[in-house]
Amino acid sequence: MKRRKFNLMLEIKNLHANVNGKEILRGINLTVRPGEVHAIMGPNGSGKSTLSSVLAGNPVFEVTEGEVTFEGKNLLDLAPEERSCEGIFLSFQYPVEIPGVSMVNFMRTAINEHRKYKKQEPISASDFLKLMREKREVVELDNKLASRSVNEGFSGGEKKRNEIFQMAMLEPKLAILDETDSGLDIDALRIVANGVNKLKSEHNATLVITHYQRLLDYIKPEFVHVLYKGKIVKSAGPELALELEEKGYDWIKKELGE
Amino acid sequence: MQEEKDILDEVTTGDYKYGFVTDIDTEIIPIGLNEDVVRLISSKKNEPQWLLDFRLKAFRYWVTLPMPEWAHLQIPEIDYQSISYYAAPRKKEGPKSLDEVDPELLKTFDKLGISLVEQMALSGMAVDAVMDSVSVKTTFKEKLAEMGVIFCSFSEAVHDYPDLVQKYLASVVPYRDNFYAALNSAVFSDGSFVYIPKGVRCPMELSTYFRINAANTGQFERTLIVADDDAYVSYLEGCTAPMRDENQLHAAIVEIIAHDRAEIKYSTVQNWYPGDKDGKGGIYNFVTKRGICKGDSSKISWTQVETGSAVTWKYPSCILQGDNSVGEFYSVAVTNNHQQADTGTKMIHLGKNTKSTIVSKGISAGFSQNSYRGLVRITKNAENARNHSQCDSLLLSDKCGAHTFPYMEINNETAIVEHEATTSKISEDQIFYCNQRGISTEDAVGLIVNGYAKEVMNKLPMEFAVEAQKLLAISLEGSVG
């Protein structure tokens, strides 16, 4: 346990980012080590989703200042697909539908791209199907869903489960869950959260982005950060989430003198 | 699975890989077109008088015609006098076996991935390869002959089966049909002939590979397929050409005839050289393809994957004459850079209870223009005719165009005709979603496009489906991002 504290996974320093010329992130600093779960909370429009998009490399956002290091590599130099292969996974808030592309085909392509990146041979058909079966169970995903087109006609809950299923398949080092709880009923929330917890180990880390405490009842963070106007304005332990749940964000704004 | 992997690998390196020129001793007649040229072509092929007469009639009609301009295509004026109308790999006698075929030629077909020798030995697919104007070698002839199946070059058919050829030639596409049909009828050089006798299911896919090699030549081949009562055949056509700065002309005719309860499946993977990314060079592909379901309960199915050519003008059609006959048209047309395609089908319902299905998937990228043009005609006596048309367009850039021109002429009130059309775009969100899972943009486009075209690709015979998937991805390389 002690050693891992010195083992940096993600280090964000003074990160600034724009979208369409408007500055959204205004100097983020954050350090994540293997085994840790961080929650990032904050009011609407504070930049939470932007942070996850920037880490994943969405080209819509322009990084104007700062640096991001992931396992010693300059993350900002890597293409989005390289970041994925390096072990960064983003569970999307709004997973997009890709008509005509079956989940099987999509996942097999993704897995094989990851393997190619690691200079491994493509996975065999039987191993792949076995893996699909195994990982489906993590989020109780129906076999039928796996044979449908990517997210096409999936309900909100199915889409989120499908995200965590993909996470299980790709076994990332750093999972970023962008409002994974939004649009989920309590049962779906439990399934999704259990899925995430099953995948947790001392080698990987999780960044949970959420509005609400309720997801954090299931996925327990060690660190809670409040993002406000593009900056992390407060960091503490899990008790901070409870406090926010109780009091809202106004007291933080007050603390900041607003 | 490994194959799909290879496809994706290839996407990252792919260019027009068929763009090589084979150094073969070729006999080319001087450029220009007049009656003497028509006579020369006919005499080079030792044709009977009736065929020469047919050619001359077609030629005399052709000179009276203007080039058609109704398609949604921008075609610079073509100087038909600057083209050579006959080019053939030089040979003393027709090759009797593979040993006698020019080794350079065999190497060409090897490069194209159709090793004739291998084909003969392994794949169980009969191949007729047409290089420039002449059919080079038809494999599996003997084996097919045992079943009474005739599969040979058009020239051979003229000599060996003159009655059949004379009976069916121009019976579906008369020389007066259109400008290019008249031109082809006058100067066609070779092609394939298929006859499946009554009750025979052709046990293997028949395939023709067309290759334009020589410069400044046009290719005008003619394919004639006849399936007698209760016969079945699946026929594949592939095409490639070298990369050249000038445009080359290809004007083919395909006629197919299905008698009672016969079924003909005709699949094309068209990959003529599309020109470079600035629109220089490329093949002008003006093709007339038409089948007639002559007999009751007969069926004709066209499947095409069109990725090549600078300009494509083709409308594989079905005349549904027999009662209960079925016509199908499945098409994927990809245009990138400055390519233009105006393609579709005609379904002419004459018989009772006739049924037609049209699935057209257009994919446009770059500065290209992609049009679907289709006619569904239900004639007065075509009781209970049914048609379902689905025309989808996928746009990959904001500088390309997708157009749909559906025509319907319905003269019988019992008809049920449906038309669906959609237009979609590959979104940046879809691409980023794929990227985030480790899939590069090129591969993501390949994945999405192949998914979009799946319904049509599934209609292709296995051997072709893989090649066609590769082609889709390669044709669109660099079109997004």
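The following questions and answers concern the contact between chains A and B, and selected side-chain pairs, in a predicted model.

Student: How many residues of chain A are in contact with chain B?

Tutor: The two chains bury about 2500 Å² between them, with 63% of this area on carbon and sulfur atoms. Chain B contributes 23 residues to the contact. On the side of chain A, the number of residues is 39.

Student: Which residues form the salt bridge between chain B and chain A?

Tutor: The count between these two chains is one salt bridge. Its closest approach, N to O, is 2.6 Å. The side chains that meet there are those of B:Arg437 and A:Glu163.

Student: Which helix gives the largest share of the side of chain B that touches chain A?

Tutor: Across this interface, 13 residue pairs are in polar contact. The elements of chain B that give two or more residues to the side touching chain A are helix H1 (2-13), helix H10 (428-436) and helix H11 (441-452). The largest share, seven residues, comes from H10(B).

Student: Is the aromatic pair of A:Phe106 and B:Tyr433 stacked or edge-to-face?

Tutor: This pair crosses between chains, from helix H3 (residues 103-117) of chain A to helix H10 of chain B. A:Phe106 is buried, at a relative accessible area of 0%, and B:Tyr433 is buried as well, at 1%. The ring centres of A:Phe106 and B:Tyr433 are 5.8 Å apart, with 20° between the planes. Because planes under 30 degrees apart meet the criterion, the pair of A:Phe106 and B:Tyr433 is stacked.

Student: What is the geometry of the pair formed by B:Tyr80 and B:Phe179?

Tutor: B:Tyr80 lies in the loop between helix H3 (49-62) and strand S2 (87-89) of chain B, and B:Phe179 lies in helix H9 of chain B, 99 residues apart. Both B:Tyr80 and B:Phe179 are buried, and they belong to one aromatic cluster that includes B:Trp62 and B:Trp313. The ring centres of B:Tyr80 and B:Phe179 are 5.5 Å apart and the planes stand at 65°, so the geometry is edge-to-face.

Student: Which residue has a side-chain oxygen within 2.8 Å of the backbone nitrogen of B:Tyr180?

Tutor: Helix H9 (residues 179-187) of chain B is mostly covered, with nine of its nine residues buried. B:Tyr180 is one of these buried residues. The side-chain oxygen that reaches its backbone nitrogen, at the start of H9(B), belongs to B:Asn178.

Student: How far apart in sequence are B:Lys45 and B:Asp190, whose side chains meet in a salt bridge?

Tutor: The N to O distance in this salt bridge is 3.9 Å. B:Lys45 counts as buried because its relative accessible area of 9% is under 20%; B:Asp190, at 2%, is buried too. B:Lys45 is placed in the loop between helix H2 (35-44) and H3 of chain B, whereas B:Asp190 is in strand S6 (residues 190-196), a separation of 145 residues.

Student: In the salt bridge of A:Glu97 and A:Lys159, is A:Glu97 buried or partly exposed?

Tutor: The side chains of A:Glu97 and A:Lys159 meet at 3.4 Å, N to O. A:Lys159, in helix H6 (residues 156-170) of chain A, is buried at 17% relative accessibility. A:Glu97 has a relative accessibility of 32%, which means that this residue is partly exposed.

How values were computed:
Residues are numbered from 1 along each chain as its sequence is written. Chains are lettered from A and ligands numbered from 1 in the order in which they are written. This is a predicted model: local features need pLDDT of at least 70, side-chain atom pairs count only at pLDDT 80 or more; totals for chains, interfaces and linings use all residues. Side-chain values use heavy atoms; hydrogens and water are left out. Buried means under 20% relative accessible area, exposed over 50%, partly exposed in between (1.4 Å probe, protein chains only). Helices (H or I, at least four residues) and strands (E, at least two) are DSSP runs, numbered from the N terminus. A polar contact is a pair of N or O atoms within 3.5 Å; within protein, one must be able to donate a hydrogen and the other to accept it, and residues adjacent in sequence count only if both atoms are side-chain atoms. Contact means heavy atoms within 4.5 Å. Buried area is the accessible area (1.4 Å probe) that two parts lose on being put together, summed over both. A salt bridge is a side-chain nitrogen of Lys or Arg within 4 Å of a carboxyl oxygen of Asp or Glu. Rings of Phe, Tyr and Trp (its six-membered ring) pair if their centres lie within 6.5 Å; planes under 30 degrees apart count as stacked, over 60 as edge-to-face and the rest as tilted.
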